[in-house]
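Student: I would like a close look at one part of this model, followed outward into its surroundings. Please keep the account connected.

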Amino acid sequence: MSEKTEKSERAYEKVVQYIKDEVWCGSLKRGERLPPERELAESLGVSRNSVRETIRTLSMLGFISSTQGAGNFVTCDFEKNVGESLRMMLALGETNYLQISQMRCALECETAWLAAERILPKQTARLQELVELMRQKPDAEKASRYDLEFHRLLCEASGNRLIKALFSAMMATVEDFISTMYRRISQNEEQMEKLHAAHGQLAQALAAHDHSAAAHALMAHFETVDASIKEEMLR
């Protein structure tokens, strides 16, 4: 590693550490503006270009937002941060769609358990409507959108903001994959019926506030999805 690269990394670490320290001590809160780049560079003893590059990197990760003429603001966009990390892990081969599906299963089982307690009548009605729409739509692409809305609504019904944020982060990464998987499953009548049945059973269980039945239906849903993923991996 060259001396120039080492200095650049140390400058980056200085800027990041400054922001972290200011957040932890309460001097910087979400939505508040960072000091001007020139001021940061002078106080930290780094170049203005190093500050600018660090801010750009943090912006890409969702920690900072930049507005032309207004400055840089603390945002802590959790969904963007996790979504970018997942996307990078996929690109580097550090994870795959089967592992993401397994993580979704674990997350959504707890989601279903919470939703069984907290779901509102209008939410159960919409879930049941979405089940029928999925069954009626011969167009797999449109049906997959109803599928996605079904799971988004399930997360909302849980009343847990962190679960909703995690789900949204994953969906931003694998939405195209979900559409592809849905089209693939739709070509297998038996698998498609299992998927429809699982959605229907989940909607009914939530309407009845039955925790165990909701979790069981969700497990059946992901068994079908994972089976299709494994089939594709073996090709």
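In which helix does Q191 lie, and what surrounds that part of the chain?

Tutor: The model is a predicted one. Q191 lies in helix α9, which spans residues 189–207.

Start with Q191 itself. Its relative accessible area is 10%, and because buried means under 20%, Q191 counts as buried. Leaving out residues up to four places away in sequence, Q191 touches I185, T224, A227, S228 and E231. Helix α8 covers 161–186 and helix α10 covers 211–233, and both return below.

Further along, A203 also lies in α9. A203 is buried, with a relative accessible area of 1%. With residues up to four places away again not counted, A203 touches L127, Q128, V131 and F150. In sequence A203 and L154 are 49 residues apart, while their C-alpha atoms are 9.2 Å apart in space.

L206 brings in the nonpolar core. Neighbours within four places in sequence aside, L206 is in contact with A112, A115, A116, I119, T124, L127, L154 and A214. L127 is thus a contact of L206 and also one of A203. The largest nonpolar core has 45 residues, and F150, L202 and L206 touch the most other members. F150 is also among the residues that A203 touches. Two or more residues of this core come from each of α5, α6 (121–136), α7 (140–158), α8, α9 and α10. The most come from α8, which gives 10 residues. Another core, of 16 residues, lies apart from this one and includes Y18, L34, L44 and V46. As a general point, nonpolar side chains in soluble globular proteins tend to be buried together.

After α9 the chain enters the loop between α9 and α10, where H209 is found. The phi of H209 is near 55°, a positive value in a residue other than glycine. In general, most residues other than glycine have a negative phi. H209 is partly exposed, with a relative accessible area of 41%.

Two glycines can be set beside H209. G93, just after α4, has a positive phi of about 75°. G62, just after α3, has a positive phi of about 95°.

Next, α8. M181 lies in this helix and is buried, at a relative accessible area of 4%. Not counting residues up to four places away in sequence, M181 touches V225, S228 and I229. S228 is therefore a contact that M181 has and that Q191 has too, where contact means heavy atoms within 4.5 Å. M181 and G200 are 19 residues apart in sequence, with 19 Å between their C-alpha atoms. D176 lies in α8 as well, but at 66% relative accessibility D176 counts as exposed. From D176 to S144 there are 32 residues in sequence and 10.0 Å in space, C-alpha to C-alpha.

M181 also leads to the cavity. The count comes to 1 cavity of 30 Å³ or more, and the largest cavity has a volume of about 180 Å³. Its lining has 16 residues, with R104, F177, I178, M181 and V225 nearest the centre. The elements that give two or more residues to the lining are α5, α8 and α10. The largest share of the lining, 6 residues, comes from α8. By type, the lining divides into 12 nonpolar, 2 polar and 2 charged residues. V225 is one of the residues nearest the cavity centre and is also touched by M181.

On another side of this picture is α4, residues 78–91. This helix has 14 residues and reaches 20 Å from its first C-alpha to its last, close to the 20 Å expected at 1.5 Å a residue. Its buried residues are N81, G83 and L86, and these pack against α5 (97–118) and α8.

To sum up, Q191 and A203 both belong to α9 and both are buried. Helix α8 gives the most to the largest nonpolar core and the largest share of the cavity lining.

Definitions and conventions: Residues numbered from 1 in each chain as written. Predicted model: local features only at pLDDT ≥ 70, side-chain atom pairs only at ≥ 80, totals over all residues. Heavy atoms only, no water. Helix = DSSP H or I, 4+ residues; strand = E, 2+ residues; numbered from the N terminus. Expected span 1.5 Å × (residues − 1). Buried < 20%, exposed > 50% of the residue type's maximum accessible area, 1.4 Å probe, protein only. 1 Å grid on protein atoms, 1.4 Å probe; cavity = no way out; pocket = protein on both sides within 12 Å on 5 of 7 lines; lining within 4 Å. Points joined across faces, edges and corners; volume = space filled by probe spheres on them. Nonpolar A, V, L, I, M, F, W, Y, C, P; charged D, E, K, R; others polar. Core = buried A, V, L, I, M, F, W, Y, C linked by side-chain atoms within 4.5 Å.
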